[in-house]
Amino acid sequence: MEIKGKSAIVTGGASGLGAATAKMLLDEGAAGVVLLDIDLHGTGDKVSSELGDKAVFIKGNVVEEEPAQKAVDEALKFGPLYIVVNCAGVGTASKVVGKKGPVSLDFFKDVVDTNLTGTFNVIRLAAAKMMDNDPVGDDGERGIFINVASIAAYEGQLGQVAYSASKGGIVGMTIQLAREFAANGIRVMTIAPGIFDTPMLAALPDKVKESLGKMVPYPQRLGKPSEFASLSKHIIENSYLNGYVIRLDGAIRMAAK
Ligand SMILES: NC(=O)c1ccc[n+]([C@@H]2O[C@H](COP(=O)([O-])OP(=O)(O)OC[C@H]3O[C@@H](n4cnc5c(N)ncnc54)[C@H](O)[C@@H]3O)[C@@H](O)[C@H]2O)c1
């Protein structure tokens with residue numbers, strides 16, 4: 001599907017992979033992009049003003065109905081909503097049983113809620129509108145969802161129980177949603193990134209980031225947000241990609257620790 005002239009939502013669009021994707025979409029001529037982001041890094045206004053008047057920043061939680069519906073409504077003001085990229089996510093970590101006993105149930109619920117339920121929440125509200133789109137291109141496409149999992153869906157490390165579960169859920173939804181939306185001409189794809197240099201890793205000292213980069217077989221470095229955006233562009237434009245999870249990870253397979 002051609003990006004030019006299409007309206008889009010990017011959740012988590014105020015930072016990292018989402019911000020790079022929003023920029024790519026506007027560079028490719030999207031009609032407008034809505035950034036739905038709770039703004040953990042305080043970058044929403046800055047990113048949105050750098051993107052220009054075809055970008056709208058909505059500060060809100062992907063898990064809640066009202067801001068997610070607002071994102072859909074704002075996107076529709078730019079034109080029919082054909083593209084949704086679900087990048088919002090958190091990587092909070094904890095062991096199941098620590099020195100003070102079992103971790104709180106709320107820790108697990110919060111991570112799964114944000115990463116998995118939030119992704120589903122935006123999909124359900126956006127899909128209801130996408131289904132009414134005019135079919136475009138040779139295959140009569142009405143839209144595309146790109147969701148973001150992680151290699152932790154497959155090789156979760158110590159402390160990643162909630163994160164791995166949430167990202168595994170996104171992997172599992174991929175083929176199911178692609179099948180359910182097939183009759184509507186809507187594709188669903190997932191990207192499972194390896195280790196990317198984004199504000200999510202900001203707490204790590206440069207030395208640790210460097211050594212993480214050296215763990216990648218090739219190229220021996222962290223991924224760049226522009227490389228994620230570039231894969232998103234290809235997925236949107238290549239109509240035969242559907243119902244699949246693509247690892248974008250330089251061949252890294254994380255060890256247990
Ligand atoms: N950076 C990595 O190494 C890496 C690796 C694998 C997967 N991922 C995934 O990629 C996605 C993007 O991460 P990133 O690296 O760009 O991190 P990031 O922290 O730079 O961006 C994530 C954005 O999501 C937003 N967000 C968090 N919770 C939200 C909520 N409840 N509602 C709305 N917005 C919310 C944050 O405010 C932030 O702007 C995440 O889903 C993350 O799990 C990242």
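Modeller: Let us begin with residue classes: Ala, Val, Leu, Ile, Met, Phe, Trp, Tyr, Cys and Pro count as nonpolar, Asp, Glu, Lys and Arg as charged, and the others, Gly among them, as polar. By these classes, the lining of the second largest pocket in this predicted model has three nonpolar, three polar and three charged residues.

Colleague: Which residues line the second largest pocket, and what is its volume?

Modeller: Its lining consists of Asp139, Glu141, Ala182, Gly185, Ile186, Arg187, Ser239, Tyr240 and Asn242. The volume of the second largest pocket is about 160 Å³.

Colleague: How should one read the largest pocket, and how much space lies in it?

Modeller: Rolling a probe the size of a water molecule over the atoms shows where empty space is left. Here, the largest pocket holds about 1,200 Å³ of space. It is lined by 48 residues, and Val90, Gly91, Tyr163, Met200 and Leu201 are the closest to its centre. Two or more lining residues come from each of helix 1, strand 2 (32-37), helix 5 and helix 6 (206-214). By class, this lining contains 27 nonpolar, 16 polar and five charged residues.

Colleague: Where is the ligand in relation to the pockets?

Modeller: The ligand takes up the space that forms the largest pocket.

Colleague: How many residues surround the ligand, and which helices supply at least two residues of that shell?

Modeller: The ligand is surrounded by 30 residues, of which Ser15, Asp37, His41, Tyr163 and Thr198 are the closest. Helix 1 (16-27) and helix 5 (161-182) each contribute at least two residues to the shell. The shell comprises 16 nonpolar, eleven polar and three charged residues.

Colleague: Which side chains place a polar atom beside an oxygen atom of the ligand?

Modeller: For such contacts, one looks for N or O atoms within 3.5 Å of each other. In serine 15, a polar side-chain atom is 2.5 Å from a ligand oxygen atom. In aspartate 37, an N or O atom of the side chain lies 2.6 Å from an oxygen atom of the ligand. The backbone also takes part: a polar backbone atom of valine 62 is 3.0 Å from a nitrogen atom of the ligand. On its own the ligand has 820 Å² of accessible area, and the protein covers 97% of it.

Colleague: Let us turn to the backbone. Which residues does a cis peptide bond join, and which residue other than glycine has a positive phi?

Modeller: Tyrosine 218 and proline 219 are joined by a cis peptide bond, with omega about -5 degrees. Proline 219 belongs to the loop between helix 6 and helix 7 (225-237). The positive phi, near 70 degrees, is that of aspartate 39. Aspartate 39 lies in the loop between strand 2 and helix 2 (44-51).

Conventions: Residues are numbered from 1 along each chain as its sequence is written. This is a predicted model: local features need pLDDT of at least 70, side-chain atom pairs count only at pLDDT 80 or more; totals for chains, interfaces and linings use all residues. Side-chain values use heavy atoms; hydrogens and water are left out. A residue is near a molecule or strand if one of its heavy atoms lies within 4 Å of it. A polar contact is a pair of N or O atoms within 3.5 Å; within protein, one must be able to donate a hydrogen and the other to accept it, and residues adjacent in sequence count only if both atoms are side-chain atoms. Accessible areas come from the Shrake-Rupley method with a 1.4 Å probe; for residues, only the protein chains shown count as cover. On a 1 Å grid over the protein atoms alone, a cavity is a set of points where a 1.4 Å probe fits but cannot get out, and a pocket is an open set with protein on both sides within 12 Å along at least five of seven lines; lining residues have an atom within 4 Å of a point. A molecule sits in a cavity or pocket if more than half of its atoms lie within 2 Å of its grid points. Helices (H or I, at least four residues) and strands (E, at least two) are DSSP runs, numbered from the N terminus. Grid points are joined across faces, edges and corners, and a volume is the space filled by probe spheres set on the points.
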